[in-house]
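Student: Can you walk me through this one? I'm new to it.
Tutor: Sure, have a look and ask away.

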Amino acid sequence: MKQPFNVLVLDDNHDILTASRIFLKQHFAQVVTLHEPAQLQSMLGSQPFDLLLLDMNFSRDTQSGEEGLFYLKQALKARPGLKVVMMTAYAALPLAVRAMQLGAANFIAKPWQNEQLLEALQQALLQQPQPGNTGHSGAANSKTAAAETIPLLGDSSAMQQVLRTIEKVAKTDANVLLLGESGTGKALVAQAIHQASQRAAAPLVSVDMGSLSSSLLESELFGHKKGAFTDAKSDYAGRFVQANGGTLLLDELGNLPLAQQAKLLTALQSRTVVPVGGSQSVAVDIRLVCATNEDLYQAVAEGAFRQDLLYRINTVEIVLPPLRARKSDIAQLLDWYLKHYSQKYQRDALQISSSDKHNLQQYDWPGNVRQLAHAVERAVVLAEGSTLDFSQLPAATVAAADSAVHAADNDFFLDFVEEKTIRQALQYYQGNVSQAAKALGLTRGALYRRLEKYGL
């Protein structure tokens, strides 16, 4: 199933544009390519793009990346909430640092693998915008307060259990590990824990570990000294120091390379960090919250995650249920997001039809609450009358319902058996596509094609 995002690709290489369009249109609602960078501003003003994939080097400047940085600043000025992923054939740490300092959400080197490109774009789209943030990196956002207050909604027993656990653990300084599928609200839980703690007056600093290359990670987490590497023109306090006295959220921790896990463990054990290029350790006082949609216990068994690090971070575990496991909460979520986005976009008297609300309550929401929120926002933005249009989702809902009704008749249809097996694998691995693909004996690309085929 295509993700409901509009993507713009800017590159002066026609082959790159063709390849990216053919691949990305399989995964996103709209993909537009642009060959002339001078047309960028007018293009951004003509359509509501969610993401820009931007080359760093054009014909006038083939290696330095300065042109790409110029157009990055131009794009973010024209559309402050735009997610931008930079790409270049001349990948280097200083260039990545500069791009992310200016607000890029991610950075990828050419030639890229299709799966690598897709992951980079998805990670960028999942990042929460931080208005007014002029921090060191667009991939590791720091926030002292939420840009907009989004409550943890739900009267289901599963959500009530989560809320009770938050109330208990927030009063302590215990390390917390948040588990659950993408889009279930792990960042909101981290925010709720911080706000209910004795550290609420200090910063909550969030780091998206999945968006940081291994070469950038130490600088982001531990900081660096002036001159530690090219373009390190001043000292930089890393995320540990920025969170001193407050809470540090390490999001997407399952993506941390094994080689970097030992350094993180050392910092957590000693509560000190040594900046890149420095020799003196700096003491830090943080409350640690980690979040991941990966199965860390399986990763430990496979040797991909350190067992001692897992013990260090999971004093308390909170598992967030997927939305399909608490469908009684969907109506409340729809009502809240409808009101929220109606106010945000100044659209009055909008409503969801009773038939749509029924269909939306039956839908499995593979992207969980995040997908629901985006669907409502998109419907509010595109609404032409007083009733919202959810035509993209009910088709999948009806297909899912039909397959359930006719399952007995179709048990031996090859497509039905394949779809059923894929569903079971995704459910078993809690939505982790990499692990499901491995278990099914498929490549990630092959599994993604089947997910699109069956609307999963």
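Student: Which residues sit on the two faces of β8, and are they buried or exposed?
Tutor: Leu204, Ser206 and Asp208 lie on one side, Val205 and Val207 on the other, and all are buried (under 20% relative accessible area, with exposed over 50% and partly exposed in between; 1.4 Å probe, protein chains only). In a regular strand the side chains alternate between the two faces of the sheet. This is a predicted model: local features need pLDDT of at least 70, side-chain atom pairs count only at pLDDT 80 or more, and totals for chains, interfaces and linings use all residues. Residues are numbered from 1 along each chain as its sequence is written, and side-chain values use heavy atoms, leaving out hydrogens and water.

Student: Why is β8 called largely enclosed?
Tutor: Because five of the five residues in β8 (residues 204–208) are buried. Strands here are DSSP E runs of at least two residues, helices H or I runs of at least four, numbered from the N terminus.

Student: Which strand does β8 pair with?
Tutor: β9 (residues 247–251), in the parallel sense over five bridges; pairing takes at least two DSSP bridges between two strands. Aspartate 208 has aspartate 251 in β9 as its bridge partner.

Student: New topic: what's the order of the five-strand open sheet?
Tutor: β2-β1-β3-β4-β5, with parallel pairing. β2 (28–34) and β5 (106–109) are at the edges with a single partner strand each, so one side of each has no neighbour in the sheet.

Student: And where is valine 381?
Tutor: In helix α15 (residues 368–382). Valine 381 counts as partly exposed because its relative accessibility is 41%.
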